[in-house]
Amino acid sequence: MGAQPVPSIHPSAVLESSGRLILPSTSHIEAGCVISIGPTARLQLGERNTLYPQVVIRIKEGWMETGREVSFGPGVKIYETRSGLQIGDHCMLAAGVCISGVQHGHADPSRPMREQPVQALAVVLEEDVWIGMNAVIQPGVTIGAHSVIGSGSVVTRSIPAWSIAYGVPCRVQRQRPRN
C-alpha cells in the first residue's frame, strides 16, 4: 500500500486553520503564502489550484470555494469573504488582485468607522474568468463566465458573461466573440 498523495506546500507558507481547510493533493502553494481560516470559516480549493508566491487568504468567518484549475498570481489578497466567495473552474487571478467580501460602514459621523456595522456581501467569479493585474473586486459583485477584467480596474458592479470590462469604476467595453 503506497503513501497518500499530499498537496505541494512550500516550507515558508503559513497555513493557520481552526476552521475547515480542504486542500486536494493536487494543490500547489508556493513561497510566502499565508492562509488564515477562523473557527467558523471554510476554505475549499478545487483540483489543480496554484497559489503563486505571497498570496494571502484571510477568512475569519465565512467561506471560499474554488473550482478546478484556478490560479492565484503573486500577491493576490482575499479578505474576509463572510458572505462567501465562489470561484469557478479555469479562473485566473493575475498578480496583485484584491477581493474583499466586506466594507466598513461610515454613515454615523458620531462613531468611529471602526465601530460602525460592517456590510458583508457574496462575491462570485463564474467559470473561465480572467482578472488582470492589481484589479480590485468589491463586495456583492458577480463576474459572468468567460469575462476579462482589465488590469487596475475597480469592480463595483456585476459584469455580465462574455464581457471585456475595465476602468475605475469598471465598465463593460465590449463583448468577447462566441464561436
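**Exercise 1. Pairing around β5**

Find how β5 and β7 pair in this predicted model, and over how many bridges.

*Solution.* Start with the two strands themselves: β5 covers residues 34-44 and β7 covers 56-66. They run parallel to each other, and nine bridges link them. To check the register, take A41, whose bridge partner in β7 is G62.

Next, look for other partners of β5. Strand β2, residues 14-17, pairs with β5 in the parallel sense through four bridges; here E16 has S36 as its bridge partner. Strand β3, residues 20-22, is also parallel to β5, with three bridges, and R20 stands opposite R42.

**Exercise 2. The open sheet**

Trace the strand order of the nine-stranded open sheet, then work out which strands stand at its edges.

*Solution.* Walk across the sheet: the order is β1-β4-β6-β8-β11-β16-β19-β21-β22, with mixed pairing. Now look at the edges, where you meet β1 (8-9) and β22 (171-175). Each has a single partner strand, so one side of each lacks a neighbour in the sheet.

For a closer look inside the sheet, pick β19 (residues 148-149) and β21 (residues 163-166): they run parallel and are joined by two bridges. One pair to locate here is I149 with its bridge partner A165 in β21.

**Exercise 3. The largest nonpolar core**

Determine how many residues the largest nonpolar core holds, and which strand gives the most to it.

*Solution.* The core counts 37 residues, and F72, L93, I131 and I143 have the most contacts inside it. Turning to the strands, β5, β7, β10 (85-87) and β15 (123-125) each supply at least two core residues. With four residues, β5 gives the most.

Then zoom in on L93. Leaving out residues up to four places away in sequence, L93 touches S71, F72, G73, V76, I78, I99, L125 and I131. Two of the residues with the most contacts inside the core, F72 and I131, are listed among these neighbours.

**Exercise 4. Cysteines**

Decide whether C91 is buried or partly exposed, do the same for C98, and explain why C98 forms no bond with C170.

*Solution.* Begin with the whole structure: a search finds zero disulfides. C91 is in no disulfide, and the nearest cysteine sulfur, in C170, lies 15 Å away. With 0% relative accessibility, C91 counts as buried.

Now take C98. Its closest cysteine sulfur is in C170, at 15 Å, which is too far for a bond, because a disulfide needs sulfur atoms within 2.5 Å. At 26% relative accessibility, C98 is partly exposed.

Definitions and conventions:
Residues are numbered from 1 along each chain as its sequence is written. This is a predicted model: local features need pLDDT of at least 70, side-chain atom pairs count only at pLDDT 80 or more; totals for chains, interfaces and linings use all residues. Side-chain values use heavy atoms; hydrogens and water are left out. A nonpolar core is a set of buried Ala, Val, Leu, Ile, Met, Phe, Trp, Tyr and Cys residues joined through side-chain atoms within 4.5 Å. Buried means under 20% relative accessible area, exposed over 50%, partly exposed in between (1.4 Å probe, protein chains only). Contact means heavy atoms within 4.5 Å. Two strands pair if DSSP finds at least two bridges between them.
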